[in-house]
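The following paragraphs lead through a protein model, from individual aromatic side chains to the chain as a whole. Please keep the sequence and the coordinates in view while reading.

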Amino acid sequence: MTAPHHFGPARHEAAADGEDHDLLAALLDGMDAALCAFDAEGTLTHWNREAERILGWSAEEVVGRPGLAGWAVREADAPEVTARLLGAMQAQGRQLDEFALLTKEGGRVLVRVQSSAVPGADGSPAGVYCAFSEVHTQIDLERSVALSEALFGDASWGVVLVDADLRPALANAHAARALRTSRSALLGRPLGDLLEQGLEDVESALQHVLASGAPPAPTELWVSVRGAGEEGGAGERRCWRSGFLRLSTPLVEEPVPLGVAWLFLDVTKARLAEQESARLRFRGSQLHRAGRAVAECEDPMEAAALYMDFALAGFADHALIDLLPEPESVPRRPILLMRAAATPTGASGPATAVAGGGLPVPYMEGHPAVQAVERCGSVRAVSDRSRDWAPVRKWPAGTQHALATALRSRGRTVGVVTFLRGPSRRPFDRADATYAEDIATRVAAAVDLAGAVAG
């Protein structure tokens with residue numbers, strides 16, 4: 001009766017040992033690294049599928065062999081290799097070595113080996129296990145890690161990893177400076193908290209990359225960053241040359257997008273310089289064409305209006321020419337200005353003469369045109385967004401920006417020319433004032449000639 005009593009537990013323990021062995025074998029075979037193990041005498045006890053893939057020997061062929069000599073290592077190299085591997089039992093921690101191993105077909109493979117002692121039940125070394133991989137594979141991995149570390153260090157490009165919800169998950173120092181925040185503060189925040197303008201373009205690009213993959217070439221995005229500091233001031237637009245990469249996990253058969261790597265470089269200075277250069281070339285070309293056209297005009301006032309027509313292209317929406325009753329070296333108050341020519345306000349068309357009947361335009365005190373005549377220079381004005389700002393100044397409805405420039409010829413002021421822009425255009429800047437003054441010298445000469453001919 002006692003035999004059956006002891007037979008059950010023994011069978012159960014044997015089954016448990018079998019299950020543990022199967023589990024260990026499955027774990028070893030499922031690992032990406034090649035693994036093998038030796039007992040204290042140097043006999044091979046374990047060999048997984050990755051080791052079989054690299055060298056071509058199966059576990060059935062090699063487990064139980066006394067070391068690697070003659071089949072995985074050349075006989076001449078075997079003593080040194082064996083000594084270094086088994087020496088890990090006496091060393092502290094893991095040992096790193098590089099060996100040339102033999103494949104089943106007779107080829108040689110350079111591998112990098114990490115070996116460590118396996119302690120027995122009493123704590124003494126019972127063997128050694130080794131993890132090895134082909135050197136070029138290890139180098140590729142190290143290069144990938146080094147590249148990631150370099151990119152997320154202080155690289156000259158901004159790098160931001162954006163998750164599938166379009167929130168920054170990781171950023172380097174350059175990107176944090178460009179976004180006017182710290183690396184930790186921007187993590188997990190919506191892009192709308194970081195970008196004031198250009199948000200739609202950035203999000204559209206990220207969503208496209210998540211859905212369709214990286215675009216074939218970098219793209220340039222104009223953005224403005226919230227809370228810009230002293231370097232640019234709030235609202236300053238920046239041009240970021242951007243590249244995008246879709247990140248997918250390699251651990252499953254069907255790629256699952258993890259997010260997007262957004263790399264960008266600030267090219268604002270170069271793009272602004274290119275735009276300014278193109279603008280200067282165009283304006284120079286317009287003045288050249290205007291000069292040739294004006295040379296065929298018999299009426300000097302027609303020539304003045306023609307200068308205005310050529311100047312308006314790409315520069316302003318409307319233009320007005322107001323003249324003093326008589327040219328004056330130093331204009332005296334009150335400043336009276338007569339409307340001489342204006343561009344149409346309802347539709348595009350050439351500037352035409354205006355029949356004012358000799359009555360002055362009822363400009364308010366401190367009007368930009370009056371100030372320009374008093375200063376014999378240029379005056380810029382920007383709307384305060386009130387509805388009556390333009391009508392009060394006798395300008396077409398919708399005017400948002402103005403630039404008035406005195407007309408000077410032969411040491412006298414003959415009038416003023418005013419350029420007007422609508423809400424779709426930017427305010428006039430100093431470069432625009434310089435261009436307006438260049439136009440004004442030509443218009444003033446034509447107006448002065450008209451007065452001399454009439455006299």
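A residue is called buried here if its relative accessible area is under 20%. The model is a predicted one, and the burial values discussed below are computed from it.

With a relative accessible area of 1%, W240 falls under that cut-off and is therefore buried. W262 is likewise buried, at 2%. The two residues form an aromatic pair of the tilted kind, with 6.0 Å from centre to centre and 55° between the planes. This pair links distant parts of the chain, since W240 belongs to strand β10 (residues 237-249) and W262 to strand β11 (residues 256-266), 22 residues apart.

A further tilted pair is formed by W389 and W395, whose ring centres are 5.5 Å apart and whose planes make an angle of 55°. Are these two residues buried or exposed? W389 has a relative accessible area of 5% and is buried; W395, at 4%, also counts as buried.

These pairs belong to a wider set, for the count of aromatic pairs comes to 11. Ring pairs also join W47, W57, W71 and F132 into a cluster. One of the cluster members, W57, has a charged neighbour: the charged end of R65 sits over its ring, 5.2 Å from the centre. A similar arrangement involves R421, whose charged end sits over the ring of F428 at 4.0 Å from the ring centre.

Helix α4 offers another view of burial. This helix spans residues 78-86, and its buried residues are A78, V81, L85 and L86. Where do these residues lie around the helix axis? Seen down the axis of α4, they fall within an arc of 115°, so they line one face of the helix. An α-helix has 3.6 residues a turn, so residues three or four places apart point the same way. The elements that cover the buried residues of α4 include the strands β1 (34-39), β3 (95-102), β4 (108-119) and β5 (125-134).

The chain as a whole supplies the setting for these details. It contains 12 helices and 17 strands, and buried residues account for 39% of its 455 residues. Of the contacts between residues at least 6 apart in sequence, 50% join residues at least 24 apart. The accessible surface of the chain amounts to about 25100 Å², and 55% of that surface belongs to carbon and sulfur atoms.

Technical notes
Residues numbered from 1 in each chain as written. Predicted model: local features only at pLDDT ≥ 70, side-chain atom pairs only at ≥ 80, totals over all residues. Heavy atoms only, no water. Buried < 20%, exposed > 50% of the residue type's maximum accessible area, 1.4 Å probe, protein only. Helix = DSSP H or I, 4+ residues; strand = E, 2+ residues; numbered from the N terminus. Arc of directions from axis to C-beta. Contact = heavy atoms within 4.5 Å. Phe/Tyr/Trp six-rings, centres within 6.5 Å; stacked < 30°, edge-to-face > 60°. Lys NZ or Arg CZ within 6 Å of the ring centre and 35° of its normal. Areas by Shrake-Rupley, 256 points an atom, 1.4 Å probe, with all protein chains shown as cover.
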